[in-house]
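Trainee: Please choose one part of this model and take me through it closely. I would also like enough about the rest of the chain to see where that part belongs.

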Amino acid sequence: MIKSITFKRIMEKRSLLHFSGSYLHIIEEAIDFAQEVVTDYFKMSTSEWKGYRYEVKTQKFLDDIEITDRAFAQICKYECIKGKNSSPPLSFDLYRICLQDKNILRAVHNPLNKVKLKPLLLYIITHELSHVIRFSKYYKDFFAPPWEKESEEAKVHSITYEMLRSKGDQSLDYVLDYYRLHRWNDKYFTL
Ligand SMILES: [Zn+2]
């Protein structure tokens, strides 16, 4: 009896750290919103979007190698081959935005944080989509050396701020402020 109660409690706790149910609806809304925001900012046409292959996956659909404890999300790049038997085989790059459910939900459930799930997801997905567009449209190097990655990271945080700040949505204030030290600043001009 005691064992079964213990098991139930563990399962409840674990399920809180994975996106499911109503969380998935919030993620879909965040993806739609983020797509609109980056479409406007980068002046993307529908045909351009069709050329960019990306997907957003929650932790349930990730391989072990796509999971990290160090971020709310990370991007993995895959070269996909179409029609193995065609000559020559057609290939394309696929960017997978890997949401790290546990890290995101831990941050949201931490009583010391005031961050809410929806604004945090809006920030994360807008930020990661901006990376994808910069890799695809502006040929930023996915495999750049660390110092170049750091400066690209700061640039994308600055762009994300610019895009979301212009929406005038006060629910985003906390998350925008949280990332203020990640944005482009004087230290990057010395590189
Ligand atoms: Zn980033």
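Mentor: Of the 191 residues in the chain, 21% are buried. The model is a predicted one, with a mean pLDDT of 85, and 87% of the residues reach 70 or more. The exception to keep in mind is residues 1–15, where the pLDDT is below 50. Beyond near neighbours in sequence, that stretch has one contact in the model.

The part I choose is the sheet, together with the helix that packs on it. To place it, start with the whole chain, which has eight helices and three strands. Along the sequence the pattern is α-α-α-β-β-β-α-α-α-α-α, with the three strands following one another after three helices. Among contacts with a separation of 6 or more, 74% join residues 24 or more positions apart.

Now the sheet. Its three strands lie in the order β1-β3-β2, and the sheet is open. The pairing is mixed. At the edges are β1 (54–57) and β2 (73–82), each pairing on one side only. From one strand to the next the twist averages 25°.

Take the two pairings in turn. In general, strands of a sheet pair through backbone hydrogen bonds, in either a parallel or an antiparallel way. Here β1 and β3 run parallel, joined by four bridges. On this side K57 has C98 of β3 as its bridge partner, and E55 stands opposite R96 in β3. The pairing of β2 with β3 is antiparallel and covers 10 bridges. Two examples show it: I75 is the bridge partner of I97 in β3, and C80 is the bridge partner of F92 in β3.

The edge strand β2 deserves a remark about burial. A residue counts as buried if 20 or more other C-beta atoms lie within 10 Å of its own. Of the 10 residues in β2, the number buried is zero, so this strand lies largely in the open.

The helix to look at next is α5, which packs on the sheet and touches β1, β2 and β3. The direction of α5 makes about 40° with that of β2. This helix also leads us to the interior. In soluble globular proteins, nonpolar side chains tend to be buried together. The largest nonpolar core in this chain has 30 residues. Two or more of them come from each of α2 (22–41), β3 (90–99), α5 (117–137) and α6 (146–165). The most come from α5, which gives 10 residues. Within the core, A34, L121, L122, I125 and L164 touch the most other members. Leaving aside neighbours within four places in sequence, A34 is in contact with L122, I125, T126 and L129.

Another contributor to the core is α6. Its 20 residues, at 1.5 Å a residue, should span 28 Å, and its end C-alpha atoms are 28 Å apart, so the two agree. The buried residues of α6 are V156, H157, I159, T160, Y161, M163 and L164. They pack against α2, α5 and α7 (173–178).

Beside α6 there is also a loop residue to find. W184 sits in the loop between α7 and α8 (186–189). It has contacts with A154, K155 and S158, leaving aside neighbours within four places in sequence. W184 is also 25 residues from I159 in sequence, with 9.2 Å between their C-alpha atoms. Having 16 other C-beta atoms within 10 Å, W184 counts as partly exposed.

One last residue lies before the strands. K43 belongs to the loop between α2 and α3 (46–51). It counts as exposed because it has 9 C-beta neighbours inside 10 Å. Most residues other than glycine have a negative phi. In K43, however, phi is positive, near 50°.

To put the chosen part back together: β3 pairs with β1 in parallel and with β2 in the antiparallel sense, while α5 packs on the sheet and gives the most residues to the largest nonpolar core.

Notes
Residues are numbered from 1 along each chain as its sequence is written. This is a predicted model: local features need pLDDT of at least 70, side-chain atom pairs count only at pLDDT 80 or more; totals for chains, interfaces and linings use all residues. pLDDT is the predictor's confidence in each residue, from 0 to 100. Two residues are in contact if their C-beta atoms, placed from the backbone, lie within 7 Å. A nonpolar core is a set of buried Ala, Val, Leu, Ile, Met, Phe, Trp, Tyr and Cys residues joined through C-beta atoms within 7 Å. A residue is buried if 20 or more other C-beta atoms lie within 10 Å of its own, exposed if 12 or fewer, and partly exposed in between; C-beta atoms are placed from the backbone. The expected span of a helix is 1.5 Å times one less than its number of residues. Two strands pair if DSSP finds at least two bridges between them. Axes are lines fitted to C-alpha atoms, for helices over the stretch in contact, and angles run from 0 to 180 degrees between N-to-C directions.
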